[in-house]
Every structure is written in structure tokens, then in C-alpha cells.
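This report describes a few features of chain C and the way its parts meet. Please look at the sequence and structure below before reading on.

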Amino acid sequence: MRNEQFTFVTLDESASEHISAPQYSYWRSVFRKFFSSKVTIVIMIVAVTVVGFSMIYPLFSDYSPVKAPNINNLDMWFNKPSLKFWFGTDDKGNSLFDAVWAGLRVSILIAAISTVITTVVGVAVGAFWGYSKKIDRLMMEVYNIISNVPFQLLVIIIMYVIGRGFWQLIFALSITSWLGTAYFIRIQVMIIRDREHNLASRCLGTPMYRMILRNILPYMISVIVTLVSRDIPAFISLEVFLSYLGIGLNQSTPSIGRMISSYNSFMINYPYLFWLPVVTLAIVTISLYVVGQALADASDPKTHM
Amino acid sequence: MEKNVILSARDIVVNFRVRSRILTAIRNVSVDLIEGETLAIVGESGSGKSVLTKTFTAMLDENGTVSQGKIFFEGRDLLTIKNNKEWEQIRGAKIATVFQDPMTSLNPIRTIGSQITEVIIKHQKKSKGEAKNMAIDLMNKVGIADAEERFDEYPFQYSGGMRQRIVIAIALACHPKILICDEPTTALDVTIQAQIIELIKSLQKDFGFTTVYITHDLGVVASVADKVAVMYAGQIVEYGTVEDIFYDSKHPYTWALLSSLPQLGIKGQFLFSIPGTPPSLYNEVKGDAFAPRNPFALKIDYEEEPPFFQISETHFAKTWLLDPRAPKTEMPEFIRNLHDKISKKVAVGGDFYVQ
Amino acid sequence: MSNKVLLSLRDVQVTFDVGHKKKFVAVSDVNFDIYEGETFALVGESGSGKTTIGRAIVRINETSHGDILYDGKKINGKLSKADDVEVIRNIQMIFQDPAASLNERATIDYIVSEGLINFKLFENDEDRRAKVRKALADVGLLAEHMTRYPHEFSGGQRQRIGIARALIMEPKLVVADEPISALDVSIRAQVLNLLKELQNKKNLTYLFIAHDLSVVRFISDRIAVIHLGRIVELAETEELFKHPLHPYTKSLLSAVPLPDPIYERGKKLFKYDESVHDYSILKPGFIEVKKGHFVWANEVEADQYKKELKK
């Protein structure tokens with residue numbers, strides 16, 4: 001050590017306000033978090049493949065529950081799964097493979113459309129409901145009356161009234177579900193409505209619509225994704241259940257529910273007829289749910305840090 | 001009078017794994033706790049003061065490890081203890097901690113009484129009846145009125161100050177040798193804070209434990225401490241008696257802390273503030289960590305870490321300014337004669353100040 | 001500090017509904033004036049109602065009784081749209097918790113521009129951005145920060161963003177609700193200095209809400225002490241510290257630990273005992289016992305205080 005090292009150094013007082021970290025982008029962080037788990041990626045690939053296949057394949061397979069070209073050919077009935085017919089054949093000589101994917105396509109479409117309607121309407125209503133105390137007073141009266149009626153019962157009654165069918169079912173599902181979504185959103189909004197940053201915005205005179213758009217909704221993304229990831233499998237299951245009871249879709253529309261219901265009786269002799277639709281259905285609902293939950297987690301900014 | 005060293009930490013290094021990087025929160029710290037005394041550890045957030053005391057009770061977060069060092073207590077090195085069961089004999093029973101937020105320290109769905117008796121039964125193997133009596137006795141000692149009735153109440157029925165008293169009671173239930181108070185009054189009102197500080201002082205006289213008090217408030221330090229350790233960027237930069245630190249400090253960081261006291265502020269002028277921010281402890285620190293913010297920095301501060309220089313039997317500072325080769329540097333005029341400057345502003349007369 | 005009264009509170013009371021027809025009176029009998037250019041401190045502990053008063057002034061809370069007058073005009077209760085805009089342009093608030101007072105999902109650009117956008121206070125986008133840049137520069141932040149998000153900043157920087165957001169509206173009165181309590185000790189001085197600098201530059205009037213008496217002594221011209229919803233004492237700063245009269249004020253001052261070991265060794269804590277007040281016969285009011293020095297007391301106590309001051 002030399003003595004000259006013991007001399008004063010002038011202090012550079014310019015505090016470094018400069019931030020050296022790269023720019024933060026919400027959506028980029030969401031996708032980074034989402035893709036950070038290998039398991040999630042695998043399940044997502046499964047979900048995308050299955051859903052994609054169910055959308056495309058039935059367009060080419062030319063399957064319809066009322067068309068049975070092989071109905072008179074007893075050799076074609078009840079064939080076990082083989083290389084020719086991957087899922088075997090059903091009680092009418094049709095390929096079970098075709099039937100299952102056609103049924104799935106219908107189920108997924110019904111669930112997706114119902115979810116979109118339910119979520120859009122539910123979030124819009126719920127946001128205003130939670131934010132405005134006046135609207136809350138009115139809506140709570142409405143909600144207290146309607147929510148006492150059991151959901152499934154309501155759907156069944158509506159289906160009886162308007163008849164069976166694809167769009168009828170979508171209508172019934174959406175109209176009974178949006179209120180629940182709205183209520184859930186209302187609670188979430190009420191939780192964050194009085195946070196300091198929202199008070200600050202009010203202090204600056206921000207009008208209600210912009211409060212909802214920029215202060216409230218961005219915080220709801222994770223919650224909304226959770227709702228969607230829960231609704232889609234729920235609607236699929238509900239459609240299957242209703243068709244199982246014979247209420248949902250009409251005879252000319254392919255339906256997994258009806259399949260499972262009618263093949264129930266073949267469980268001992270031809271178990272594949274029952275289990276293959278059930279398992280395929282399970283793969284779809286579970287993978288969609290898992291992907292939805294992972295996306296919900298990833299949308300929560302707290303997981304980005 | 002020979003004072004007993006009750007706990008001796010030597011050359012502690014603590015690392016945290018944060019995603020793929022390593023944060024060195026404690027960089028080679030040694031400190032002794034003298035039996036019956038109160039040591040105040042003071043520093044900014046991020047200085048490591050909480051982390052250091054967590055090593056005494058193995059309460060570091062999951063991603064933290066003590067990668068080096070020894071902690072001597074009751075004749076053994078605590079860091080050699082590997083299984084949790086052994087730590088449970090120490091934690092709560094011999095070394096207890098009081099944390100900042102009483103609401104999260106207490107279980108909201110269990111009665112106050114049961115939370116105290118649980119600790120007593122676990123460590124002292126008393127019966128439920130005996131434990132209850134001991135608990136009520138403790139509640140009285142920490143100043144809870146109507147302890148018998150309030151025994152079965154829940155935390156939400158207690159005010160913040162009272163909850164903190166209960167946390168202290170739980171900590172003292174097994175008569176620990178060392179009580180670590182980690183910013184116990186930061187979340188409390190100033191009048192409640194004063195009462196809690198008074199309580200801890202009187203309990204220390206009655207029970208005879210050694211206190212470690214972590215705080216960022218120099219007023220609290222002046223009120224409670226016998227010895228003070230000033231921490232910066234994971235190291236103790238100055239250590240001494242409370243008089244040493246307030247009236248005769250030697251480290252530029254201590255000077256900076258004292259200079260920014262609002263009590264020294266002159267109306268109409270700006271307050272002294274330390275420019276810049278503490279260094280990131282993800283990177284290895286070259287030289288003195290305080291150098292970039294130190295108006296008294298020497299060239300060597302940027303190159304080599306200063307050793308501890310001994311000023312008196314109880315007073316040490318880690319700064320090159322104390323090296324014989326360094327230019328003679330006095331404490332800034334602003335913080336000299338601190339006692340005169342501060343007491344002059346206190347109200348004279350009135351029945352509530354004692355001169 | 002001029003002699004013009006900028007803000008005036010007269011017998012203000014704020015009440016909250018707490019479930020089935022039960023009401024909680026948060027503050028009552030609040031009377032004080034704030035003069036143009038001064039820093040007026042409102043000091044109290046948690047639950048004292050100080051934040052409630054601050055929020056009532058910026059119209060986040062509603063008053064249940066009394067008047068709040070800004071520049072002579074009543075600003076509490078129902079206001080016309082034009083008057084509401086006036087209040088927002090003239091009175092702004094700085095919030096306590098830098099972690100909660102900024103919209104995490106908005107850029108700094110939007111956060112600081114929000115007030116401007118609400119009232120279209122700019123000519124075009126370039127003009128707006130220039131205003132934001134200037135507001136950020138005033139608080140020591142850089143233009144490059146405009147595209148960042150709040151969580152990328154430190155506590156002190158976030159608080160400065162909050163200050164920029166309030167001051168870009170060019171208010172005359174700023175209600176600062178515990179602006180430094182949530183900050184790290186070494187950052188507090190920086191933010192205090194900034195507030196002082198901005199006050200000088202822009203001729204601002206501050207209502208400084210705080211619980212830390214040592215800081216308050218340094219920055220304020222006059223102090224009001226509030227306890228359980230009532231202002232118990234009001235005086236010029238040095239007068240309050242040298243001659244505190246109300247026993248609550250004394251207990252508050254006594255409780256603050258001074259960074260002076262010799263002093264702290266000999267100190268005896270003064271505890272506030274509510275039972276020393278007997279308001280069964282003579283009701284208390286806000287009495288001026290000396291010019292500019294007010295205490296909440298009844299006549300008997302007021303006489304005692306006057307005697308104390310003469311000593």
C-alpha cells in the first residue's frame with residue numbers, strides 16, 4: 001500500500017436514477033411465465049392437438065348420427081378397436097372414432113361460444129356493478145332473487161320450453177351463467193375499488209368508464225382467465241350431462257353425452273364403446289383446465305417478479 | 001467487572017439463491033452479545049440486520065444458507081446443528097424473537113391464552129392448569145389488564161399495542177436467555193411504542209435476558225441500547241457503546257446517519273440526505289461498499305476493503321480513515337456536541353421532562 | 001406565509017356507516033384555517049382521524065356536518081360540475097404508500113398524465129408529453145422513465161412519481177398524507193427536501209399529515225394535534241413544542257425518543273390519562289388561550305392553561 005492511496009476522491013453526487021433493467025412488458029412476462037414449466041407446455045400441446053383435431057377432422061369424416069351406411073351389415077357392428085377402425089365401430093356400424101370427434105366438436109363449440117357470451121356480458125355487468133354503489137343496490141336485489149334458483153334446474157326448464165338444439169343449448173347455458181360471473185367480478189372489483197391508486201385517480205377526476213377500463217379491468221385478467229378455464233370444462237360437462245339425460249341436443253346432432261348414455265348398457269360386452277368416449281372427453285376437459293389455470297397464474301403480475 | 005459473552009458469532013457469511021443469482025446478504029460479520037446488555041443493530045433496509053439475527057435461530061428463508069462462520073452459544077457451535085428437532089430446543093426456549101407485525105405473528109383463529117400455553121406446554125412440559133396460571137401471570141407482567149377474562153379472547157379483539165405485548169409474553173414464556181426484537185415497534189403508534197420500549201426494559205431487569213434490538217430509528221437506539229452495531233451492505237461498519245456511537249463516532253456512514261437526523265435540521269434549510277442508493281449485493285463488492293456515497297472516500301476505499309480499527313476497548317470502526325496514513329479527519333461540525341444541540345430544543349420546565 | 005386564508009374548516013364532522021344503521025363518528029368539531037404559502041401539519045396517531053380530514057378536503061370522503069371553504073367558497077357537499085373541476089385543479093393529494101398509490105398496470109406516462117387527460121389540459125400529444133417530461137424533471141426523474149411501470153422503481157422514486165402526478169395539475173393547495181412514513185429512513189430526507197424545493201418554486205401551500213413529530217417540527221409553520229377525531233391543540237410549531245398545554249400533546253411529545261442517550265437515560269415517560277378531564281358540568285370547546293394557540297378545553301382547564309403559560 002502506498003501513501004498516495006490515502007488521498008480523497010471527489011464524490012460524484014449525481015445519484016444514478018437510470019434503470020438498467022430491460023423494459024418490462026406485461027404480456028411478454030405472462031408468456032415467459034407460462035412457458036417456464038415443461039409440464040404446462042406438454043399439456044398445452046395435448047390440448048391444442050385434441051381441440052384442433054376435433055374441429056378439423058369431423059369436417060372430413062362425413063359422420064352424422066342419422067346416417068348409417070353400414071346399418072344392414074351386421075359384420076360392421078361392434079368391431080373392437082383395430083388398425084382399420086382405431087376406436088372400433090358402434091351399434092350402427094359407424095366408426096366410433098368419427099363419432100367421438102364429431103361429438104367432441106359440438107361439445108367444445110357449445111362450451112366456447114357459451115363461455116364467450118357469459119364472460120363478456122358477465123364482466124361488463126360485474127365491473128359496473130362492483131364499482132358503482134347505486135348499481136350495486138339495484139343488482140343485489142335482482143341477484144338475491146335469481147340466485148336462489150338452482151342453476152341446472154333452470155337450464156333444464158329453459159330447454160324444455162325452447163326445445164332441444166345447438167343454439168338453444170347455448171342460449172340456455174349463457175343466460176343462466178352470466179349472473180354468476182358478474183357477481184364474482186363484482187366482488188373482485190369491490191376488493192380493489194378503494195385501493196389508494198384508485199382513490200388517487202378519483203382525486204384527479206377520472207370518470208367511471210376510464211376507471212373501469214384502466215384501473216380495474218387490467219387487474220382482473222388473471223381472475224377472468226381463471227373463470228374461463230373453469231367455465232369451458234364446466235360447460236362441456238354440462239352439455240354432456242344434459243344430453244345424457246336426453247334433454248340437450250336433438251337426435252341429428254352428434255353428442256358425446258348421448259353416446260355415453262346409450263353405450264352405458266354395453267359396458268360389460270363392449271366396454272370400449274363406453275370408455276373411449278369417456279376417456280377422450282376427460283383428456284379434453286382436464287387439459288383445457290390445466291392450461292387455463294397455468295395461464296391464470298401467469299397473468300397474475302405477482303408471479304412475474 | 002468481567003462481563004460474560006453469552007453468544008459469539010464469528011465470520012458469518014449468508015447467501016441467498018434468487019432465481020439463478022446469488023445474493024450475499026451478510027459479508028463476514030462477527031459480533032459478541034454481552035450477557036444482560038442490550039445490543040441495538042441499526043441500518044437501512046437491505047443492510048442485513050434482520051438476516052443476521054435470523055441465523056441465530058435458523059430462521060432464514062428457504063433459499064438462504066449460512067455458507068461460512070460459527071455461532072458459539074452455551075458451549076457449542078449452533079451452525080453445526082442440522083436437524084430441526086434440536087433447533088426447536090433452542091428457538092423459542094433459549095433464543096426468542098419478537099417480530100414487527102403482531103397480527104401475522106399471532107394465529108388469528110386461536111385464543112390468545114392457548115397460544116401462550118402452547119409454548120409453555122411444549123417447552124416446559126407443564127400441565128394445562130399450570131400452564132394457564134403461568135400464562136395469566138405473564139399477561140399481567142406484560143401489562144394486560146383483566147388478564148383472566150381476556151385469556152380466552154382472540155387476537156382481533158386486541159389492539160395493536162396489546163397484541164405486541166402478547167407476542168412479547170409468548171417470547172418470554174420459557175425464560176429465554178436472548179430476546180431478539182426485530183423492529184417490534186415500527187408498526188405501532190409513538191405512544192404505544194414508548195410503552196413497549198419501557199416494558200421490554202423493565203422485563204429485562206426482572207427476567208435478566210440479553211436483548212438484541214433491530215431498528216432504523218436512532219431515537220429508539222438512544223433509548224434502549226447499551227451497545228450499538230451499525231450495519232451497511234451486509235457488514236458491521238462501526239461497533240461501540242451507545243455513547244461512542246452518538247458522541248464520538250468514527251465511520252463516515254455513522255456520520256451520515258447522524259447528519260440526517262431531523263432534530264438537527266434547521267428551519268428553512270434543506271435536510272442532509274445521503275445521495276445514491278446502497279450497492280447491489282448480487283455482485284461482489286470491491287473495496288469499501290460505502291465508497292460511492294462517501295464524501296470522505298479515499299482512493300484506497302475503492303480498491304481494498306478496510307479492516308476493523310480499534311479505537312477503545314469497546315469501540316471499533318471499519319474505515320480507512322483510521323489508518324495512520326490517512327489524512328486527519330474530524331467528525332463533521334454539524335454533528336458535534338449532539339447532546340447540547342438536541343436537549344436545547346427540548347421544552348424547559350413542565351412536569352414531564354426530567355433534565 | 002401571507003395573511004390570506006386559503007382553506008378553512010368550520011365545525012367539520014365526518015361520519016361512516018358501519019353496517020345496520022350503526023354510525024361511526026370519525027372526526028368532529030374540526031376548526032382550523034390554513035394560510036396561503038404555509039406548511040400546516042396535522043399530527044395524530046392511527047385512528048385519530050387525520051387521514052379522514054385530508055380525504056374530506058379532496059372530496060374522497062363526505063362530510064356529515066360543517067363547511068370546508070377554499071378561497072371563501074364552500075367545497076364540501078354537492079358541487080356543480082364546474083366547481084368540482086375547480087376543486088380538482090386547485091387541491092391535490094399525495095398519498096402515503098408508494099407501493100399502493102400507483103396503478104401497477106399503467107406506464108408512468110399515463111399515471112402522470114391522468115389529470116391532464118381528464119380535463120384535456122393539453123393541445124396535442126406532443127404537448128402532453130412535454131408537460132410530463134417537465135413534471136418528472138421537477139422531481140428528479142428522467143424522461144426515459146415514462147415508458148416504465150411502477151414496480152421497476154424504488155420506494156422513493158415511486159413517491160416522487162406520485163408527487164409529479166399531483167403537481168402537474170398546478171394546484172395551490174397540496175394535501176400530503178404521510179408522504180414519507182412508508183419510505184426508508186435515508187430516503188425520507190430526499191423527499192422532504194424535494195417537497196420544500198417545490199414549495200419554494202411554485203408557491204405551494206401544504207397540509208402535511210403525519211405522525212412523526214420530529215419531522216413535523218422541522219418542516220411545519222403551525223401544527224394541529226388530533227386525538228380520537230378531535231383537534232386537541234393548535235399552535236405555531238415552536239410554541240407547541242416549547243409550551244404544550246393539552247395533556248395528550250404532552251404525552252405525544254414525551255413519547256418521541258430523542259437520539260440523545262444522555263437525555264433518554266434520565267427521561268420519564270408522561271402518560272396521558274383521559275380521566276383528568278371532567279366534562280360533566282362545563283362542556284369543552286376550542287379555546288384560544290393565547291394568540292394563535294388553541295386548546296380543546298372547558299373554562300376551568302383553559303384558566304389552568306393560561307396560568308401555565310404565564311410561568
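Strand 6 and strand 7 (residues 173–177) of chain C pair in the parallel sense, joined by four bridges, where pairing requires that DSSP finds at least two bridges between two strands. The model is predicted, so local features need pLDDT of at least 70 and side-chain atom pairs count only at pLDDT 80 or more, whereas totals for chains, interfaces and linings use all residues. Residues are numbered from 1 along each chain as its sequence is written, and chains are lettered from A in the order in which they are written. Helices (H or I, at least four residues) and strands (E, at least two) are DSSP runs, numbered from the N terminus.

Within this pairing, C:Met93 has C:Val175 of strand 7 of chain C as its bridge partner. Strand 6 (residues 91–94) of chain C is covered on both faces, as the table shows; a residue is buried if 20 or more other C-beta atoms, placed from the backbone, lie within 10 Å of its own, exposed if 12 or fewer, and partly exposed in between.

| Side of strand 6 of chain C | Buried residues |
|---|---|
| One side | C:Ile91 and C:Met93 |
| The other side | C:Gln92 and C:Ile94 |

In a regular strand, side chains alternate between the two faces of the sheet.

Turning to the boundary with another chain, 38 residues of chain C are in contact with 37 residues of chain B, contact meaning that C-beta atoms, placed from the backbone, lie within 7 Å. Several helices of chain C give two or more residues to this side, among them helix 7 (213–219) and helix 9 (247–255), while helix 6 of chain C gives the most, with seven residues.

Terms used
Two residues are in contact if their C-beta atoms, placed from the backbone, lie within 7 Å.
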